Amino acid sequence: MNKTAMNKSDKSETTKNTINIDGRDIPFKEGQTIMDAALAADIYIPHLCHRPGLSPHGSCKLCTVEVNGRSASACTLPAASGQQVSSNTEALNEARKTITQMLFVEGNHFCPACEKTGDCTLQAVAYHLDMLDGHFPQFYPRREVDASHQSIVIDRDRCILCELCVRASREVDGKDVFAIAGRGIDARLIVNAASGKLADADISTDDLAAHICPVGAILIKEHGYEVPIGRRTFDLHTVAEAGREPVILRKDGHSDEQ
Ligand code: SF4
Ligand code: SF4
């Protein structure tokens with residue numbers, strides 16, 4: 001193939017594998033979702049239940065975008081050439097704020113008393129969406145805390161049922177420690193052990209499942225407040241900045257201190 005023909009071929013390939021997000025043309029590779037392509041181009045589409053490397057789940061609905069005029073989850077819809085995607089619109093951001101407010105009132109979130117504050121994706125998304133209050137009445141559900149494990153604690157008060165820990169355990173750790181049981185307001189994180197307790201589950205602090213929780217529902221014991229409030233990831237960066245995920249509460253340092 002001569003140079004001119006190659007250039008034409010490159011150009012048509014580029015045009016073929018391009019989508020437009022909020023007026024910006026970005027490339028995608030076969031098999032990528034709209035979310036994958038957006039992340040690769042440093043375009044932030046709000047999300048909570050998605051992390052690159054884990055299978056997409058499409059449950060939190062924060063990444064709902066409009067694709068050629070129709071609503072779709074950016075994390076599950078494959079990118080296809082010619083898609084016109086709207087994401088950063090007032091209407092979509094208002095809907096995202098409402099979803100975020102509901103997540104707050106459905107659980108028990110008291111940020112000033114939470115070890116995850118400043119490193120919490122839910123909190124950071126709320127700031128990003130200019131959420132100033134919960135808007136809806138608080139549910140104050142009764143949820144069980146599981147402190148049975150020597151090194152890991154589950155505080156279900158803060159669980160947003162994103163299933164990141166479920167997928168991390170299955171897909172990365174090669175275990176099956178967590179699951180979601182029940183529906184609606186009765187939905188809850190369960191531990192796959194005869195006793196239902198984390199102490200009897202096959203989990204260790206080396207597992208991704210022990211670190212991936214985007215909120216303060218799964219925490220490593222004896223490492224609280226190692227990074228002072230004010231120097232945590234989202235104290236220093238917005239969630240929309242590229243490369244801030246996955247945010248992991250690490251026992252050996254902190255991304256902002258390296
Ligand atoms: Fe606040 Fe996040 Fe902790 Fe919930 S998990 S109390 S949103 S810091
Ligand atoms: Fe998601 Fe954390 Fe709840 Fe697991 S414990 S489902 S990672 S919020």
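In the predicted model, ligand 1 is surrounded by Phe104, His109, Phe110, Cys111, Cys114, Thr117, Cys120, Leu122, Gln123, Arg158, Val215 and Gly216. By class, this shell around ligand 1 consists of 7 nonpolar residues, 4 polar residues and 1 charged residue. The space that ligand 1 takes is the largest cavity, for which a volume of about 100 Å³ was computed. The lining of the largest cavity is made up of Phe104, His109, Phe110, Cys111, Cys114, Thr117, Cys120, Leu122, Gln123, Arg158, Val215 and Gly216, and it divides into 7 nonpolar, 4 polar and 1 charged residues.

Ligand 2 has around it Cys159, Ile160, Leu161, Cys162, Glu163, Cys165, Leu189, Cys213, Pro214, Val215, Ala217 and Ile218. In the shell of ligand 2, 11 residues are nonpolar and 1 is charged, while no polar residue is present. Ligand 2 takes up the space of the second largest cavity, which holds about 80 Å³. The lining of the second largest cavity comprises 13 residues, and those that lie nearest its centre are Cys159, Leu161, Cys162, Cys165 and Cys213. This lining, like the shell of the ligand, lacks polar residues, and its members are counted as 12 nonpolar and 1 charged. Val215 is listed among the residues around ligand 1 and also among those around ligand 2.

Over the whole structure, the search returned 3 cavities of 30 Å³ or more. Such a search can be pictured as rolling a probe the size of a water molecule over the atoms, which shows where empty space is left.

Apart from these cavities, the open spaces of the model were examined as pockets. The largest pocket has a computed volume of about 360 Å³, and it is lined by 19 residues, of which Leu103, Glu106, Ile160, Leu161 and Ala187 are the closest to its centre. Helix 3, which spans residues 90-106, provides the largest share of this lining, with 3 residues. By class, the residues that line the largest pocket divide into 11 nonpolar, 5 polar and 3 charged. Ile160 and Leu161, which are placed among the residues closest to the centre of the largest pocket, are also found in the shell around ligand 2.

The model further contains an open sheet of 5 strands, in which the strands follow the order 2-1-5-3-4 and the pairing is mixed. The edges of the sheet are formed by strand 2, residues 24-27, and strand 4, residues 70-73, each of which pairs on one side only. From one strand to the next, the twist of the sheet averages 35 degrees. In general, the strands of a sheet pair through backbone hydrogen bonds, and they do so in either a parallel or an antiparallel sense.

The pairing of strand 1, residues 18-21, with strand 2 is antiparallel and extends over 4 bridges. Within this pairing, Ile19 has Ile26 of strand 2 as its bridge partner, and Asn20 is matched in strand 2 by Asp25. Strands 1 and 2 together form a hairpin in which 2 residues lie between the strands, and Asp22 in this turn has a positive phi of about 50 degrees.

Methods:
Residues numbered from 1 in each chain as written. Chains lettered and ligands numbered in written order. Predicted model: local features only at pLDDT ≥ 70, side-chain atom pairs only at ≥ 80, totals over all residues. Heavy atoms only, no water. Near = heavy atom within 4 Å. 1 Å grid on protein atoms, 1.4 Å probe; cavity = no way out; pocket = protein on both sides within 12 Å on 5 of 7 lines; lining within 4 Å. Sits in = over half its atoms within 2 Å of the grid points. Nonpolar A, V, L, I, M, F, W, Y, C, P; charged D, E, K, R; others polar. Points joined across faces, edges and corners; volume = space filled by probe spheres on them. Pairing = 2+ DSSP bridges. Axes fitted to C-alpha atoms, helices over the stretch in contact; angles between N-to-C directions.
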